[in-house]
Amino acid sequence: MNAKAIIESIEAGYLKDKGTLPSINIGDTVKIGVRIQEGGKERIQPFEGTIIAMRNGGINETITVRRVFQGVGVERVFMINSPVVANILVIRRGKVRRAKLYYLRDRVGKATRIKQRFDRPIEGSKVKAK
C-alpha cells in the first residue's frame with residue numbers, strides 16, 4: 001500500500017456523504033449554514049451569495065462565495081467537508097461560461113447579475129425536470 005492510498009483511506013472517514021451535499025456549480029446562488037460559537041452556545045448563521053470559484057477535490061475541496069453587503073463586496077472561502085459548514089442550500093442555478101467568476105469583483109449593481117439556468121433541477125424543489 002503506497003502513501004497516497006493510506007492518506008486517501010484516512011481522509012475517507014472525514015468526507016461528508018454525497019447524499020448530504022447538493023450538486024453545486026460555479027454561478028449558483030447558495031445559502032450556506034455556518035456554525036458559530038458564541039460563549040457556550042452554538043447557532044447556525046446563513047451566508048447567501050454566488051459561487052465564484054471552486055478548487056481542489058477530496059477533503060480539501062473549497063468554494064468561494066461572494067455577496068454584496070451594504071455596498072461592500074464580501075467573499076468567504078468555505079471548506080465543504082468542514083464541520084463548520086452545517087448545510088448548503090441551492091437557491092438558483094446560474095448559467096456561466098467561465099470556471100472562475102473573478103470579473104464580478106469589478107462590477108457594480110445590475111451588472112453583477114447572472115442568467116438563470118433551468119436545465120438542472122434544484123434538489124428539494126417542488127418542480128420536476130422534464
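**Entry 1: R43 and its contacts**

I began with R43 and looked up its contacts, leaving aside neighbours within four places in sequence; they are V34, R35, I36 and E38. R43 belongs to strand 2, which covers residues 41–55. I note here that the model is predicted.

Is R43 buried or exposed? I found R43 partly exposed, because its relative accessible area of 35% lies between the limits of 20% and 50%. I also looked up the separation of R43 from V72, which is 29 residues away along the chain; their C-alpha atoms are 25 Å apart.

**Entry 2: Strand 2 with strand 3**

I followed strand 2 to its pairing with strand 3, which spans residues 62–69. The two strands run antiparallel and are joined by five bridges. One of the pairs I recorded is A53 with T64 of strand 3.

Strand 2 and strand 3 make a hairpin with six residues between them. I looked up N56 in the loop between these strands. Its phi is near 60 degrees, a positive value in a residue other than glycine. I list N56 as partly exposed, at a relative accessible area of 48%.

**Entry 3: T62**

I next turned to T62, a residue of strand 3. Which residues does T62 touch, not counting those up to four places away in sequence? I recorded A53, M54, R55, V77, F78 and M79. Of these, A53, M54 and R55 fall within strand 2, residues 41–55, while V77, F78 and M79 fall within strand 4, residues 72–79.

I class T62 as buried, because its relative accessible area of 7% is under the 20% limit.

**Entry 4: Strand 3 with strand 4**

I counted eight bridges between strand 3 and strand 4, and the two strands run antiparallel. The bridge partner of I63 in strand 4 is F78.

The hairpin of strand 3 and strand 4 has two residues between the strands. Q70 lies in this loop, and I noted its positive phi near 55 degrees in a residue other than glycine. Q70 counts as exposed because its relative accessibility of 71% is over 50%.

**Entry 5: The chain as a whole**

I then looked up the overall arrangement. The protein chain has one helix and five strands, and from the N terminus the order is α-β-β-β-β-β. Along its principal axes, the C-alpha trace spans about 50 × 45 × 35 Å.

How many of the 130 residues count as buried? I recorded 26%. The exposed surface of the chain is about 9,300 Å², with carbon and sulfur atoms supplying 53% of it. Among contacts between residues at least 6 apart in sequence, 52% join residues at least 24 apart.

For charge, I noted 27 positive and 12 negative side chains. The centres of the two sets lie 8 Å apart.

**Entry 6: Confidence**

I closed by looking up the confidence of the prediction. The mean pLDDT of the chain is 90, and 95% of the residues reach 70 or more. Where among the elements is confidence lowest, and where highest? I found the lowest mean, 91, in helix 1 (residues 3–12) and the highest, 97, in strand 2.

Residues 126–130 have pLDDT below 50, and beyond near neighbours in sequence this stretch has one contact in the model. Where pLDDT is low, the predicted coordinates should not be read in detail.

Key: Residues are numbered from 1 along each chain as its sequence is written. This is a predicted model: local features need pLDDT of at least 70, side-chain atom pairs count only at pLDDT 80 or more; totals for chains, interfaces and linings use all residues. Side-chain values use heavy atoms; hydrogens and water are left out. Helices (H or I, at least four residues) and strands (E, at least two) are DSSP runs, numbered from the N terminus. Buried means under 20% relative accessible area, exposed over 50%, partly exposed in between (1.4 Å probe, protein chains only). Contact means heavy atoms within 4.5 Å. Accessible areas come from the Shrake-Rupley method with a 1.4 Å probe; for residues, only the protein chains shown count as cover. Lys and Arg count as positive and Asp and Glu as negative; His and the chain ends are not counted. The place of a charge is taken as NZ of Lys, CZ of Arg, CG of Asp or CD of Glu. Two strands pair if DSSP finds at least two bridges between them. pLDDT is the predictor's confidence in each residue, from 0 to 100.
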